[in-house]
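User: Could you take a close look at one part of this model for me? I'd like to hear about the charged pairs and whatever sits around them.

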Amino acid sequence: RFSRACLFCSEKFIGNRKSLFQHMLTAHNFNIGQPDNIVFVNEFLDILQQKLDNLQCLYCERTFRDISTLRDHMRKKQHRRINSSNKSYDKYYMINYLEMGKSWQEIHEDDKHHDSGLLKKGDVYKDEDFDEDENDEFCIPLTCLFCSTFANNLTDINNHMKNIHHFDLLDILTNWKQDYYYQIKLINYMRRQIHSNTCIHCQKRFDSSSNLLNHMTTESHFSLPPDQSIWNQPQYLFPTYENDGLLCVLDSDT
């Protein structure tokens, strides 16, 4: 059940995120798009909230000495918006999943008439435009375990991981004959390691994802450690990312 406070005031919204998005647009002139065009919403809003808590402007990303100075800056400079050049935001917009390997800018160039879904001030969300219950039918893109590549099905994303990272997830899930919960823990373990820039094989930690991937490539560490107890732990029953597509396609009958 959706429940969040506004990024800019204390008003709280429960039940449907469209009310929060509409409020931020009309009350604070802050527009990040229509709710049904955004995925991983809570994670996205958490990132924006953290930036504001750290007194950082959402657009120019400068840091200020106090909250009042930050608010004045964002209001006067019209910086109550996010920076579309910040690639870290790409994963939260549905348009980036339309064609694997293309950014939203490239897709937009391919189709000049594409509707980005951004609201104009005065637009109103209609109930028929977005229904939380209808999200159950949404096909969540599958993200590579090691990089930001997406695919629409398990076969395609597994082929990517085999060809680029020399890691065959389907082989592990099919031939190891492990139960459903083991598979969940395996994927969540890998997600958490990569998220924290830690090698899945040797547990060595790095200061950036690029250095981690360089290490795993050089050392051929795109493989699981032989000691299964490292990842076969209850803590890995909980997902690292909200709406992880790989978890949605696991076979519970395996």
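Analyst: Let's start with K51, which pairs up with E61 in a salt bridge, the closest N and O atoms being 3.8 Å apart. K51 sits in helix 2 and E61 in the loop between helix 2 and helix 3, so the pair ties together parts that are 10 residues apart in sequence. By salt bridge I mean a side-chain nitrogen of Lys or Arg within 4 Å of a carboxyl oxygen of Asp or Glu. Helices (H or I, at least four residues) and strands (E, at least two) are DSSP runs, counted from the N terminus.

A word on ground rules: this is a predicted model, so local features need pLDDT of at least 70 and side-chain atom pairs count only at pLDDT 80 or more, while totals for chains, interfaces and linings use all residues. Numbering starts from 1 along each chain as its sequence is written, and side-chain values use heavy atoms, with hydrogens and water left out.

Back to that pair: K51 is buried, at a relative accessible area of 14%, whereas E61 is partly exposed at 28%. Buried here is under 20% relative accessible area, exposed is over 50%, and partly exposed lies in between (1.4 Å probe, protein chains only).

Helix 2 (41-53) has another charged partner to offer. D46 makes a salt bridge with R4, the closest N and O atoms being 3.0 Å apart. Since D46 lies in helix 2 and R4 in strand 1 (residues 3-5), this one links parts that are 42 residues apart in sequence. R4 is the buried partner, with a relative accessible area of 13%; D46 is partly exposed at 43%.

Now on to helix 3. R75 and D72 form a salt bridge there, with the closest N and O atoms 3.4 Å apart. Being 3 residues apart in helix 3, they are separated by about one helical turn. D72 is partly exposed, at 33% relative accessibility. In total, the rule gives 5 salt bridges.

What about the buried residues of helix 3 (residues 67-76)? They are T69, L70, H73 and M74. They cover an arc of only 130 degrees around the axis, so they end up on the same side of helix 3; that arc is taken from the directions from the helix axis to the C-beta atoms. Helix 2 is part of what covers them. Just after helix 3 comes Q78, with a positive phi near 55 degrees.

One more stop at this end of the chain: H23, in helix 1 (residues 17-28). H23 counts as buried because its relative accessibility is 10%. Leaving out residues up to four places away in sequence, H23 touches C6, C9, E11, F13 and H28, where contact means heavy atoms within 4.5 Å.

For the wider setting, the chain has 9 helices and 4 strands, running β-β-α-α-α-α-β-β-α-α-α-α-α from the N terminus on. Of its 254 residues, 43% count as buried. Among contacts with a separation of 6 or more, 51% come from residues 24 or more positions apart.
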